[in-house]
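This report introduces a protein model to a reader who has not met it before. Please keep the sequence and the structure in view while reading.

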Amino acid sequence: MTGPRPVVLSGPSGAGKSTLLKMLLKDYGNVFGFSVSHTTRQPRVGEVNGKEYHFVTRERMQKEIDAGEFIEHAEFSGNMYGTSKAAVQAVQARNQICVLDIDLQGVKNIKKTDLKPIYISVQAPSIEVLEKRLRDRRTESEESLQRRLNAARVDMELSNEPGLFDLIIINNDLQKAYSELKEILAEEIQKVQESKKS
Ligand SMILES: Nc1ncnc2c1ncn2[C@@H]1O[C@H](COP(=O)(O)OP(=O)(O)OP(=O)(O)O)[C@@H](O)[C@H]1O
Ligand SMILES: Nc1nc2c(ncn2[C@@H]2O[C@H](COP(=O)(O)O)[C@@H](O)[C@H]2O)c(=O)[nH]1
């Protein structure tokens, strides 16, 4: 795979990955491109097929996985999620930094590929804060919320493994977290901006 170095944003559901990503896309729209994953979960209010996700059935997704169309895939909170080769290629064809928002299983699987992204984990300051953010977001049923909190406990523990992430951002103050994100990406951003000038 070619183009600028991709970026992986991982971390527990509710830690603030999409919030930080939206800020990046707003400030550097032409520099970054989102890798639109596939999922079997139901769309949330306001989510558009092909924008936040490709919303598909389990049967279709399994068929495409079996056909070798995915770089990685995982089961998370009762649903399938995965990054297709086409999703990453579409961003790289535009000479943009491809951003993957994926869970920890995805990170481990991407490590086995030749994608070589910058790995960033976004964490909430505590499980209590995370729970409040997820509840306030009002997107999950109680069952889904509990599943996500269980996955978050695992994520918070395993993400500290030395060498797994290039940076762990504790997203307490949003502006501070965003500054840290921009700082680690500054060199790649500059490279893409320069290449788009010439
Ligand atoms: N620093 C912050 N302080 C307070 N609230 C925040 C902060 N960052 C994000 N939030 C809020 O927390 C909620 C969860 O954030 P967000 O949806 O970005 O998380 P996520 O990591 O993308 O979750 P998921 O993996 O489920 O998509 C949102 O309602 C968001 O507005
Ligand atoms: N391994 C992968 N994980 C993914 C992918 N797309 C999203 N995700 C992760 O799933 C959870 C839940 O997302 P939500 O949108 O239902 O809240 C979150 O941690 C995402 O990072 C993917 O393609 N592969």
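The sections below go from the whole chain to single residues.

## Overall form

The model described here is predicted. The protein contains 7 helices and 9 strands. Along the principal axes, its C-alpha trace spans about 50 × 40 × 35 Å. A compact globule of 198 residues would have a radius of gyration near 16 Å, and the protein has 16 Å, so the two agree.

Contacts between distant parts of the chain are well represented: 68% of the contacts between residues at least 6 apart in sequence join residues at least 24 apart.

## Surface and charge

Of the 198 residues, 47% count as buried. The accessible surface comes to about 10300 Å², and 51% of this area belongs to carbon and sulfur atoms.

The protein carries 29 positive and 28 negative side chains. The centres of these two sets lie 3 Å apart.

## The annotated domain

Which residues does UniProt list for a domain? In an unreviewed entry, UniProt gives residues 4–186 as "domain: Guanylate kinase-like". Helix makes up 42% of this span and strand 22%. The C-alpha atoms at the two ends of residues 4–186 are 13 Å apart.

## Two loop residues with positive phi

Ser 77 lies in the loop between strand 5 (70–76) and strand 6 (79–84). Its phi is near 50°, which is a positive value in a residue other than glycine.

Lys 116 also has a phi near 50°, again positive in a residue other than glycine. The residue is placed in the loop between helix 4 (104–110) and strand 8. Is Lys 116 buried or exposed? Lys 116 counts as exposed because its relative accessibility is 56%, and the cut-off for this class is over 50%.

## The loop after strand 8

Pro 125 occupies the loop that runs between strand 8 (118–123) and helix 5 (127–137). Its relative accessibility is 35%, so Pro 125 counts as partly exposed; this class lies between the limits of 20% and 50%.

With neighbours within four places in sequence left aside, Pro 125 is in contact with Arg 133, Ile 170, Asn 171 and Asn 172. Ala 15 is 110 residues away from Pro 125 along the chain, yet their C-alpha atoms are separated by 8.6 Å.

## A buried phenylalanine

Phe 165 is located in the loop between helix 6 (142–158) and strand 9 (167–170). Why does Phe 165 count as buried? Its relative accessibility is 10%, and a residue is classed as buried when the value is under 20%.

Which residues does Phe 165 contact, leaving aside its neighbours within four places in sequence? The partners are Ser 10, Leu 104, Val 107, Tyr 119, Ile 120, Ser 121 and Ser 159. A further relation links Phe 165 with Val 8: the two are 157 residues apart in sequence, while their C-alpha atoms are 9.3 Å apart in space.

## Buried residues in helices

Leu 145 belongs to helix 6. With a relative accessible area of 2%, Leu 145 is buried. Not counting residues up to four places away in sequence, Leu 145 touches Glu 131, Leu 134, Arg 135 and Glu 140. One of these, Leu 134, is 11 residues from Leu 145 along the chain, and the C-alpha atoms of the pair are separated by 7.2 Å.

Gln 92 is placed in helix 3 (residues 85–92). Gln 92 is buried, with a relative accessible area of 9%. How far apart are the C-alpha atoms of Gln 92 and Leu 158, and what is their separation along the chain? Their C-alpha atoms lie 30 Å apart, and 66 residues separate the two in sequence.

Definitions and conventions. Residues are numbered from 1 along each chain as its sequence is written. Chains are lettered from A and ligands numbered from 1 in the order in which they are written. This is a predicted model: local features need pLDDT of at least 70, side-chain atom pairs count only at pLDDT 80 or more; totals for chains, interfaces and linings use all residues. Side-chain values use heavy atoms; hydrogens and water are left out. Helices (H or I, at least four residues) and strands (E, at least two) are DSSP runs, numbered from the N terminus. The radius of gyration is taken over C-alpha atoms; the globule rule is 2.2 Å times the number of residues to the power 0.38. Buried means under 20% relative accessible area, exposed over 50%, partly exposed in between (1.4 Å probe, protein chains only). Contact means heavy atoms within 4.5 Å. Accessible areas come from the Shrake-Rupley method with a 1.4 Å probe; for residues, only the protein chains shown count as cover. Lys and Arg count as positive and Asp and Glu as negative; His and the chain ends are not counted. The place of a charge is taken as NZ of Lys, CZ of Arg, CG of Asp or CD of Glu. UniProt positions are given in the numbering used here, feature names are shortened, and annotations may be inferred rather than shown by experiment.
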